[in-house]
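Reader: I am in my first year and would like to look closely at a single part of a structure. Please choose one and explain, step by step, what surrounds it and how it fits in with the rest.

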Amino acid sequence: MITIFGARNASSNGRTFALNNLAGPSSVGLLVFSGLARGIDGGANRGSLAKRTGVMVASDRDVVDPPEH
């Protein structure tokens with residue numbers, strides 16, 4: 001398991017880095033786990049979505065915040 005928690009107001013380079021570099025670990029069976037916040041967390045989830053990802057939410061499970069996730 002790899003846990004990723006990062007800045008909500010991340011730079012575009014930071015978001016791209018998370019998106020591009022977390023697909024590899026998830027493709028070899030590692031679970032990429034992060035918050036569902038904007039920024040680094042969102043990039044980590046999108047990068048690992050095709051294989052294995054998990055999220056920690058701070059709201060009810062039927063309330064997705066931010067809504068774009």
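Author: Let us take helix 3, which is mostly covered, since eight of its nine residues are buried; here buried means under 20% relative accessible area, exposed means over 50%, and partly exposed lies in between (1.4 Å probe, protein chains only). Helices (H or I, at least four residues) and strands (E, at least two) are DSSP runs, numbered from the N terminus. This is a predicted model, in which local features need pLDDT of at least 70 and side-chain atom pairs count only at pLDDT 80 or more, while totals for chains, interfaces and linings use all residues. Residues are numbered from 1 along each chain as its sequence is written, and side-chain values use heavy atoms, with hydrogens and water left out.

The buried residues of helix 3 are Ile40, Asp41, Gly42, Gly43, Ala44, Asn45, Gly47 and Ser48. Their cover includes strand 1, strand 2 and strand 3, together with helix 1 (12-21) and helix 2.

To see how the helix is placed, we turn to the sheet. Its three strands are arranged in the order 1-2-3 as an open sheet with parallel pairing, where two strands pair if DSSP finds at least two bridges between them. Strand 1 (2-4) and strand 3 (53-56) stand at the edges with a single partner strand each, so one side of each has no neighbour in the sheet. From one strand to the next, the twist averages 25°; axes are lines fitted to C-alpha atoms, for helices over the stretch in contact, and angles run from 0 to 180 degrees between N-to-C directions.

Strand 1 and strand 2 (residues 32-35) run parallel and are joined by three bridges, and Ile4 stands opposite Ser34 in strand 2. Helix 3, residues 40-48, packs on this sheet and touches strand 1, strand 2 and strand 3, while its direction makes about 150° with that of strand 2; contact means heavy atoms within 4.5 Å.

On the other side of the pairing scheme, four bridges link strand 2 to strand 3 in the parallel sense, with Gly35 having Met56 as its bridge partner in strand 3 and Val32 standing opposite Thr53 in strand 3. The chain goes from strand 2 through helix 3 to strand 3, and this β-α-β crossover is right-handed, a term used if, with the strands pointing away from the viewer, the path from the first strand over the helix to the second runs clockwise.

Individual residues now fill in the picture. Asp41 is found in helix 3, and its relative accessibility is 4%, so Asp41 counts as buried. Leaving out residues up to four places away in sequence, Asp41 touches Ile4, Phe5, Gly6, Ser34, Gly35 and Leu36. One of these, Leu36, lies in the loop between strand 2 and helix 3 and counts as buried at 14% relative accessibility.

Another of them, Ser34, belongs to strand 2 and is buried, with a relative accessible area of 0%. With residues up to four places away in sequence again set aside, Ser34 touches Ile4, Phe5, Asp41, Ala44, Asn45, Gly54, Val55 and Met56. Between the C-alpha atoms of Ser34 and Ala44, which are ten residues apart along the chain, the separation is 7.1 Å.

Ala44 also leads us to helix 2 (residues 23-27), in which Ala23 is found: Ala23 and Ala44 are 21 residues apart in sequence, with 8.3 Å from C-alpha to C-alpha. Ala23 is partly exposed, its relative accessible area being 30%.

Ala44 and Ile40 belong to the largest nonpolar core, whose seven residues also include Ile4, Ala10, Ala18, Leu22 and Val32; such a core is a set of buried Ala, Val, Leu, Ile, Met, Phe, Trp, Tyr and Cys residues joined through side-chain atoms within 4.5 Å. Apart from neighbours within four places in sequence, Ala10 is in contact with Arg15, Gly39 and Ile40.

A last word concerns confidence. The chain has a mean pLDDT of 78, with 99% of its residues at 70 or more, pLDDT being the predictor's confidence in each residue, from 0 to 100. Among the elements of the chain, helix 1 has the highest mean pLDDT (84) and strand 3 the lowest (74).
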